[in-house]
Amino acid sequence: MGSFKLGGMTFGSLFKKPETLLYPVQTKEPYACQKGHVLNNVEECILCGMCQRVCPCNCIVVDKKIRRWVIDPFSCVQCGSCVRACPTKCLSMQPQCTPAGDAKYSIDLDVPDKKAAKQEQA
Ligand code: SF4
Ligand code: SF4
């Protein structure tokens, strides 16, 4: 590359918007199809355990007894297997990534018992 061309590029870059962001102060808008994290619409979850069985990272735990669905977002590799296997389609891949943190945590969701609620109403 000639020095004239290189100089032109350097000079031109002084007036361009930077290609980088000041992360974490600034973050990029996620793409619509980006596989960021798994979301469970627990209202539709039947605690069948299929997501736990297909997960290659063992990051989902389904406890039918206490009606709890737990995911470790830091072990998830966003493969989408759980989403595809879920029979009620209550799982979805959301484009936003799990925020960075200085400690690991799990997401524990209590799954409502629709049958029991109906019986109570009757
Ligand atoms: S596969 Fe779907 S319905 Fe079954 S436990 Fe997982 S989230 Fe719930
Ligand atoms: S997206 Fe893949 S790695 Fe993440 S919880 Fe689902 S099956 Fe497991």
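This is a short walk through one structure, taking its two ligands, then its salt bridges, then a patch on its surface. Please keep in mind throughout that what we are looking at is a predicted model.

Let me begin with the ligands. Around ligand 1 there are 14 residues, and those that come nearest are C45, C48, G49, C51 and C86. If we sort the shell of ligand 1 by character, eleven of its residues are nonpolar, three are polar and none is charged. Ligand 2 likewise has 14 residues around it, with C55, C76, C79, G80 and C82 coming nearest, and its shell divides into eleven nonpolar residues, three polar ones and no charged ones.

From that second group I would like to pick out C82, which is found in helix α3 and which, at 7% relative accessibility, counts as buried. Between C82 and G101 there are 24 Å in space, C-alpha to C-alpha, for a separation of 19 residues in sequence.

Now to the charged side chains. How many salt bridges does the model contain? The count comes to three, and I will take them in turn.

In one of them, E44 pairs with K114, with the closest N and O atoms 3.7 Å apart. Because E44 lies in the loop between β1 and α2 while K114 belongs to helix α4, this pair ties together parts that are 70 residues apart in sequence. E44, at 38% relative accessibility, is partly exposed, and K114, at 42%, is partly exposed as well.

In another, D110 forms a salt bridge with R68, and here the closest N and O atoms are 2.8 Å apart. D110 sits in strand β5 and R68 in strand β3, so the pair links parts that are 42 residues apart in sequence. R68 has a relative accessible area of 30%, which makes it partly exposed.

The remaining bridge joins the side chains of K104 and D72, at 3.5 Å from N to O. K104 lies in the loop between β4 and β5, and D72 in the loop between β3 and α3, so this pair ties together parts that are 32 residues apart in sequence. Is each partner buried or exposed? K104 is exposed, with a relative accessible area of 59%, whereas D72, at 18%, counts as buried. The side chain of D72 also makes a polar contact with the side chain of S75, at 2.5 Å.

Finally, the surface. F11, L14 and F15 make a nonpolar patch of about 410 Å². Of these residues, F11 is found in helix α1, which covers residues 3–13, and at 54% relative accessibility F11 counts as exposed.

Technical notes. Residues are numbered from 1 along each chain as its sequence is written. Chains are lettered from A and ligands numbered from 1 in the order in which they are written. This is a predicted model: local features need pLDDT of at least 70, side-chain atom pairs count only at pLDDT 80 or more; totals for chains, interfaces and linings use all residues. Side-chain values use heavy atoms; hydrogens and water are left out. A residue is near a molecule or strand if one of its heavy atoms lies within 4 Å of it. Ala, Val, Leu, Ile, Met, Phe, Trp, Tyr, Cys and Pro count as nonpolar, Asp, Glu, Lys and Arg as charged, and the others, Gly among them, as polar. Patches are made of residues with over 30% relative accessible area and no salt bridge: like charges are joined within 9 Å, nonpolar side chains (Val, Leu, Ile, Met, Phe, Trp, Tyr) within 5 Å. Accessible areas come from the Shrake-Rupley method with a 1.4 Å probe; for residues, only the protein chains shown count as cover. A salt bridge is a side-chain nitrogen of Lys or Arg within 4 Å of a carboxyl oxygen of Asp or Glu. Helices (H or I, at least four residues) and strands (E, at least two) are DSSP runs, numbered from the N terminus. Buried means under 20% relative accessible area, exposed over 50%, partly exposed in between (1.4 Å probe, protein chains only). A polar contact is a pair of N or O atoms within 3.5 Å; within protein, one must be able to donate a hydrogen and the other to accept it, and residues adjacent in sequence count only if both atoms are side-chain atoms.
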